[in-house]
Amino acid sequence: MFRLAPDCLLQFRSVRRIIVFFLLGLVISATPAFAEVPAAGAAQPDTFLDVVGHPQAPQIEMLRIHGIVQGYEYGLYRPDILINRAEFLKILMLAVYGQEAAGSATACFADFTGEPQWFWGAACTAKENGILTGYPDGTFRGAQTVNLVEALAMAERAWQMPAPHYFHEPSYWYDPYFDAVLGSGIAEYFLRDPAHLLTRGDAAWILIALGQNIATVEAPVSSSSASSVSSVSSASSASSVYVHNVCGNGVKEGTEQCDDGNAEDGDGCSSLCIIVPEPVQHSAIRLDQRAIGTDTVAGGSSQTVLFSFDANARWQDAILTGLKFDAEYGAFTVAVNYRLYDDGDGDGKPETLVGTGLVRDDVLSFSGLGARIFTSRGKRFEIRADLVQTTGSVALGFRTSDSAYVEAVGAIDGRELTGIRTDQGSCPRTDNCWIAVYTLDATSISLTERGNLFVTAASQPVRNHELLAGAGTADLLRVSFRATDEDIRVRRMTIAGATDAVTELQFFDPAAAVPFATAHTSGCHEPSAGKFCTAVDFTVRKDVLRDVIVRALLKSADDGARSGDTIALTLSASVAGPDNAVEATGVASQEDLVQNDGDFSAEGEVFIGRAAAGANNAITGPVHDVVHAALASIANASDDPDGTAVPTGLRTIGVFRFVAQPKPAVARATRSVALITLSFDVTAINVQFFSTGSFVMVNMIAPSVSTPCTAASRTGVIRVTCSGFAAYGVDTLIPFGGSITVGLRGFIESPQVVTGTSMLQVSLTSLNNRDAAGGVTWNDGTNVFRWVDIPETDVQSTLYRLP
């Protein structure tokens, strides 16, 4: 496993404490390494003696209060000795469940062979519950020291903490375990080092920092339990060797104020085991290169991000004073004005300028920096530059061939941070490396021309609609966006051609139920009748069509929407005013696209109504009519199935049901659709009617009342026209949400004029063609309309046949 190089002094101190723990383990051999059995006959102290003043004391004390940890003999916890996987699992299970939750299975890992160990049952239970997965070779390795990412994985699974979701693969395999606990401070505390080996104090700190509910372990009360504890304590006591007042053995005894396992000065516990103020610990920093997520950038772009890294400090804040970089691909000459920015306010976005770079002898250097790196949180840095070329490529990387490619000092003590360990390499110094740098493979940024945006009418047509006052509309306009050379972010749109009946325009992605933007007349720089403007924010990927649908919300008839108004939405070709049809910015270049200059060259422009460079053409949608009431559907309502025999005599030969649109929520008055004229096409093949005056139309609710109709002939394809319904007492009014069913009757003189096939069918045709009179003429109480906004062009009733 890999691990960030820690402070040598801390390493050495930890080794000494491990040795002391090992020696004590020889003495207390009757218990496992994590048994935590109190001294025989002695009451557990209120707090652990060796935790007082320890940086992780609050977390350890919290676990002690909850009964999760009990400590060792003599009231000790030993926070600075390493903890293995089995021991950490025990603490975790107690913290989550209040018990070890050991099951009956004890051979669930490949290394669980031989005499069963104390942790096998708990490990198998954890595996069954998805808390553990083990290593690829099927082993658990309980005696192996647990590292940070292993502990996070176990804890996040045990508490069932939600896992992060990614649109792209994370930079490192362990990123999900850190990202799941963002805001907890864990990543910053351990310098985002997944292989950091945990101490007992670290384990307690992590469990509390995760912010989950900590269970309480109830003390055993049964006599059998008490007897068991007593016997274990007695066994431990019988095999113990009591050492009195030996400074440096890691046990606070007699008159000692402290005992940290050594007899040296300068570490907070003196060679006489007297507490003295601990000196400021040496700072250490870690830099992690981050992917910048861009592989193509438009030439001429200003302050383009070329490199990014995160920085963390430990033990004390540090001041970053210098950096050096190589051009791993291309050359520094593709850009000028190299600048280093950092995240000064902690929002994750580097916006504070901290230094200007100097390119000399193919090296980019930043010197005299004063960028503070915190122990409390990470900080992101970015190198940005102005690209001056439109072709070529460039990739920056740390100048790792220079032994001082990163320079920093402690923010408190001013001591220089010497020695750099790069990736998993060894420390080049004999004493210690206070700087760790983790790099990524260089990703080349290719330069290209600045992007262009072409806006055209969508290939999927939009048909004419009748727009019901007070309601939302169907699609009124559909346009396609295509970006070239780079992704383009559309920032603003202006659409004309509406009327006062429209309160707002709504912008939708195809298949979306909720608009991503709404436009109003007040959103325009220069408001005018029928013009709607809005700020939008959507990205058009390079060479990928993106459609946008425009719909409207209308005011009600009660609030002034006029029946008969027409709406034809338009993206204007004009570039003269302040409200251009589309305004956009290149994502890579961060340059605003200019409006079309009318020539045949694409030079970072927005083109309206053009699939290639050239003068703009306005994009205008179909014409739509504003109505106060409207039909929602027309359907066959005959009970006779197709294929029924051609009847004879006076019969109802076609039945149709008309349904009106429901009342809009904002409408106050009730309005109706009134059918004025119905023109039926009667197909009578080898069928003959008695006369051209033998047709009538009825409302099927009152079939005894009819309206006479006129016909052009007795056989063949006959146009039968019915009107004047009110004069004959036939009700054809359809209120909001209502319906009526009408029938056409005719006197069939001969169902089979000659031997052969006979067919009879009634149809309403050319219904949804706004530009041609169809089979239905109606009014909304104000205006007459000769077409119907339904999907069907024709509606047929029953097809009768003979034979």
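Two strands count as paired if DSSP finds at least two bridges between them. By that rule, E17 and strand E30 (residues 624-627) pair in the parallel sense over three bridges. This is a predicted model, so to speak: local features need pLDDT of at least 70, side-chain atom pairs count only at pLDDT 80 or more, and totals for chains, interfaces and linings use all residues. Residues are numbered from 1 along each chain as its sequence is written, and side-chain values use heavy atoms, with hydrogens and water left out.

**The chain overall**

- You get nine helices and 44 strands in the chain; these are DSSP runs numbered from the N terminus, with helices being H or I over at least four residues and strands being E over at least two.
- Of the 803 residues, 49% are buried (under 20% relative accessible area, with exposed meaning over 50% and partly exposed in between; 1.4 Å probe, protein chains only).
- Take the contacts (heavy atoms within 4.5 Å) with a separation of 6 or more: 74% of them come from residues 24 or more positions apart.
- The exposed area of the chain is about 35,000 Å², and carbon and sulfur atoms supply 52% of it (Shrake-Rupley method, 1.4 Å probe; for residues, only the protein chains shown count as cover).

**Helix H2**

- In helix H2 (residues 57-65), the buried residues are Ala-57, Gln-59, Ile-60, Leu-63 and Arg-64.
- Looking down the axis of H2, those buried residues fall within an arc of 165°, so they line one face of the helix; the arc is that of the directions from the helix axis to the C-beta atoms.
- Pro-58 and Ile-65 are exposed, on the face of H2 turned away from its buried side.
- Helix H3 (85-97) and helix H8 (200-209) are among what covers the buried residues of H2.
- After H2 comes Gly-67, with a positive phi near 75°.

**Helix H5**

- Ten of the eleven residues of helix H5 (residues 148-158) are buried, so the rest of the structure largely encloses it.
- The buried residues of H5 include Leu-148, Met-154 and Ala-158, and also Glu-150 and Glu-156.
- Their packing partners are H3, helix H6 (175-179), helix H7 (186-189) and H8.
- At the N-terminal end of H5, Asn-147 acts as the cap, with a side-chain oxygen 3.3 Å from the backbone nitrogen of Val-149.
- Gln-160 follows H5 and has a positive phi, near 55°.

**A three-stranded sheet**

- E17, E30 and E24 make an open sheet in the order E17-E30-E24, with mixed pairing.
- Strand E17 (466-468) and strand E24 (566-567) are the edges, each pairing on one side only.
- Leu-468 has Val-627 in E30 as its bridge partner.

**Disulfides**

- Searching the whole structure turns up four disulfides (pairs of cysteine sulfur atoms within 2.5 Å).
- Cys-427 and Cys-433 are one such pair, with sulfur atoms 1.9 Å apart; the link is right-handed, at 90° about the S-S bond, and both cysteines are buried.
- Cys-524 and Cys-533 are another, with sulfur atoms 2.0 Å apart; the S-S torsion is about 95°, so this disulfide is right-handed.
- Cys-524 counts as buried at 7% relative accessibility, and Cys-533 is buried at 1%.
- Cys-709 is joined to Cys-722, S to S 2.0 Å, in a right-handed link with 110° about the S-S bond.
- That pair ties together distant parts of the chain, 13 residues apart: Cys-709 sits in strand E36 (residues 706-711) and Cys-722 in strand E37 (residues 716-723).
- Cys-709 and Cys-722 are both buried.

Methods
A polar contact is a pair of N or O atoms within 3.5 Å; within protein, one must be able to donate a hydrogen and the other to accept it, and residues adjacent in sequence count only if both atoms are side-chain atoms.
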